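Visitor: Please give me a close look at one part of this model, beginning with a single backbone position and working outward from there. I would like each term explained once, as you reach it.

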Number of protein chains: 2
Amino acid sequence: MGEVINGKEESQKYKDKIARFVSERKKKGLNIPCIASITVGDDGGSLYYVNNQKKVSESLGLKFKSIFLDESITEEELISTIEELNKDCTVHGIMLQLPLPNHIDAKLVTSKINANKDIDSLTDINTGKFYKGEKAFIPCTPRSIINLIKSLNIDICGKNAVVIGRSNIVGKPTAQLLLNENATVTICHSRTQNLKDICKKADIIVSAIGRPGFITSEFVSEKSVVIDVGTTVVDGKLRGDVVFDDVIKKAAYVTPVPGGVGAMTTTMLILNVCEALK
Amino acid sequence: MGEVINGKEESQKYKDKIARFVSERKKKGLNIPCIASITVGDDGGSLYYVNNQKKVSESLGLKFKSIFLDESITEEELISTIEELNKDCTVHGIMLQLPLPNHIDAKLVTSKINANKDIDSLTDINTGKFYKGEKAFIPCTPRSIINLIKSLNIDICGKNAVVIGRSNIVGKPTAQLLLNENATVTICHSRTQNLKDICKKADIIVSAIGRPGFITSEFVSEKSVVIDVGTTVVDGKLRGDVVFDDVIKKAAYVTPVPGGVGAMTTTMLILNVCEALK
């Protein structure tokens with residue numbers, strides 16, 4: 001029987017550190033980290049996330065500026081809003097909630113964010129620095145994944161890690177972070193042959209494919225650390241890629257959904273803005 | 001007994017295509033692709049490369065501007081040279097020969113190259129777009145590697161590819177290109193355990209570690225495609241990572257050194273500037 005990797009608990013440890021960091025800055029009379037979030041239109045999903053980010057940020061002592069813009073805003077107006085925030089030295093991190101309305105070129109607008117405030121890792125410059133191994137903001141979900149693995153105090157160096165999925169926001173950057181920790185990394189996807197065999201031999205399995213119940217105990221061994229990044233809503237409930245009850249009987253460690261990776265991401269975002277200030 | 005992958009022959013095919021492309025543009029009265037190369041100081045290695053790039057470019061009908069700057073040039077002067085070339089619409093590709101003298105911040109200066117003219121893939125913006133799978137210049141050595149593999153007319157999709165080495169200029173981008181072709185990609189390096197076993201099971205092996213004679217027939221199988229990216233000079237002779245005479249007896253295909261990957265790179269650079277013009 002394996003152990004549950006508790007994302008909420010791990011997230012709380014980072015929250016405690018962040019709250020201490022902010023309160024020490026306050027005591028010293030230093031400026032407080034501030035996130036500016038831009039939402040265009042009233043996409044229900046975006047609103048939910050923004051409100052949650054604001055709530056958590058403020059509970060840790062940070063400042064959080066919510067900017068809501070009408071759906072009819074022009075590209076130029078949105079860019080000028082971003083450029084003002086770039087110049088505003090009281091703002092340390094800029095978040096642009098996606099998706100944007102169709103009449104706005106998301107790539108163009110995103111590219112206008114100052115890379116030094118790009119806490120959500122949207123710009124090409126930040127992505128370039130990240131893959132070159134230079135100082136860069138680390139995308140929040142991959143950062144959550146690597147920190148959950150590190151929390152187990154296993155030595156990642158030389159371990160075989162398998163990442164299933166090759167998306168720009170999860171699979172590829174997670175592979176890069178595992179590589180930074182000196183794991184031998186295999187990137188698998190829909191065209192991979194013998195996925196089950198490849199997973200079985202792995203020490204670390206990260207599944208980010210969005211296929212509920214895909215990873216069963218047949219994919220894992222007794223030594224496996226299994227990180228479930230799937231977040232598919234089925235009948236109103238959030239479901240991961242991993243059949244948790246089945247896999248936990250065999251693997252060494254498994255993240256639940258919810259309460260695993262997802263419980264960490266907002267905290268990692270806030271950690272990014274604190275680091276931007278340092 | 002395997003087959004030799006002939007880099008010179010493959011390179012010539014691309015050269016023929018480039019020469020036709022340029023001569024057709026000339027006939028139509030269209031502008032001709034032009035590379036501007038900047039060399040600071042008189043590093044012997046850089047001079048050799050620039051002269052070779054110029055010779056090959058001109059032999060294919062392209063224009064090639066060599067700009068030699070004194071080693072004492074200031075950072076500001078170098079940046080202003082780059083900015084002039086950015087604005088010059090008769091220049092389609094800018095190459096900055098590295099290394100630069102110590103008093104110049106190479107990262108800062110590189111970042112000033114217009115990403116649309118960054119044929120040598122030096123900027124963070126180009127790197128970011130490349131890893132996101134967007135339209136970007138592909139670094140020349142990885143592009144040489146993937147094109148040599150493609151020249152064999154094997155189906156890369158679903159094949160197991162192993163890349164040994166994780167450098168920013170070869171290992172990591174080559175893994176990305178193999179992933180783009182739907183291979184299952186494993187990135188190995190100095191900390192990898194059981195490298196021999198991992199390689200033996202692979203359909204494609206790319207070795208870029210710079211350890212002459214490291215890859216023997218024990219690392220390969222009868223189906224292996226072996227790409228040797230090693231270029232170490234030993235007793236005045238260029239040596240690859242692969243023991244060619246040994247490996248070719250067992251593997252399906254092997255690149256020689258010299259005459260393999262290295263024979264392709266300048267041609268890929270010129271292909272990049274032609275594509276910049278399109």
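Guide: N182(A) is found in the loop between α7 and β6 (184-188) of chain A, where helices (H or I, at least four residues) and strands (E, at least two) are DSSP runs numbered from the N terminus. This is a predicted model, in which local features need pLDDT of at least 70 and side-chain atom pairs pLDDT 80 or more, while totals for chains, interfaces and linings use all residues. Residues are numbered from 1 along each chain as its sequence is written, chains are lettered from A and ligands numbered from 1 in the order in which they are written, and side-chain values use heavy atoms, without hydrogens or water.

Although N182(A) is not a glycine, its phi is positive, at about 70°. N182(A) has a relative accessibility of 17%, so it counts as buried (under 20% relative accessible area, with exposed over 50% and partly exposed in between, for a 1.4 Å probe and protein chains only). S121(A), another residue other than glycine, also has a positive phi, near 55°; S121(A) sits in the loop between α4 (106-111) and α5 of chain A, and with a relative accessible area of 13% it is buried.

The backbone has a further feature in the loop between β11 (253-254) and α10 of chain A, which holds P258(A): the peptide bond from V257(A) to P258(A) is cis, with omega near 0°. In chain B, the bond from V257(B) to P258(B) is cis as well, with omega near -5°, and P258(B) lies in the loop between β11 (253-254) and α10 of that chain.

Helix α7 (171-180), which borders the loop of N182(A), also leads to α6, since the buried residues of α6(A) pack against α1 (7-27), α7 (171-180), β7 (204-207), β8 (225-228) and α10 (265-277) of chain A. Nine of the eleven residues of α6 (residues 140-150) of chain A are buried, so this helix is largely enclosed by the rest of the structure. Those buried residues are C140(A), P142(A), R143(A), S144(A), I145(A), I146(A), N147(A), L148(A) and I149(A).

In chain B, T265(B) lies in helix α10 (residues 265-277) and, leaving aside neighbours within four places in sequence, is in contact (heavy atoms within 4.5 Å) with C140(B), T141(B) and S144(B). By contrast, T265(B) and R239(B), which are 26 residues apart in sequence, are 17 Å apart in space, C-alpha to C-alpha.

Helix α10 of chain A also takes part in the surroundings of Q53(A), a residue of helix α2 (residues 44-59) of chain A. Q53(A) is buried, at 9% relative accessibility, and beyond its neighbours within four places in sequence it is in contact with F64(A), M95(A), Q97(A), T266(A) and L269(A).

Moving on from the loop of S121(A) to helix α5, one reaches a contact of two chains, where D124(A), I125(A), T127(A), G128(A), K129(A), Y131(A) and K132(A) in α5(A) meet D124(B), I125(B), T127(B), G128(B), K129(B), Y131(B) and K132(B) in α5(B). Alongside that contact, ring pairs (Phe, Tyr or six-membered Trp rings with centres within 6.5 Å; planes under 30 degrees apart count as stacked, over 60 as edge-to-face and the rest as tilted) link F130(A), Y131(A), F130(B) and Y131(B) into a cluster.
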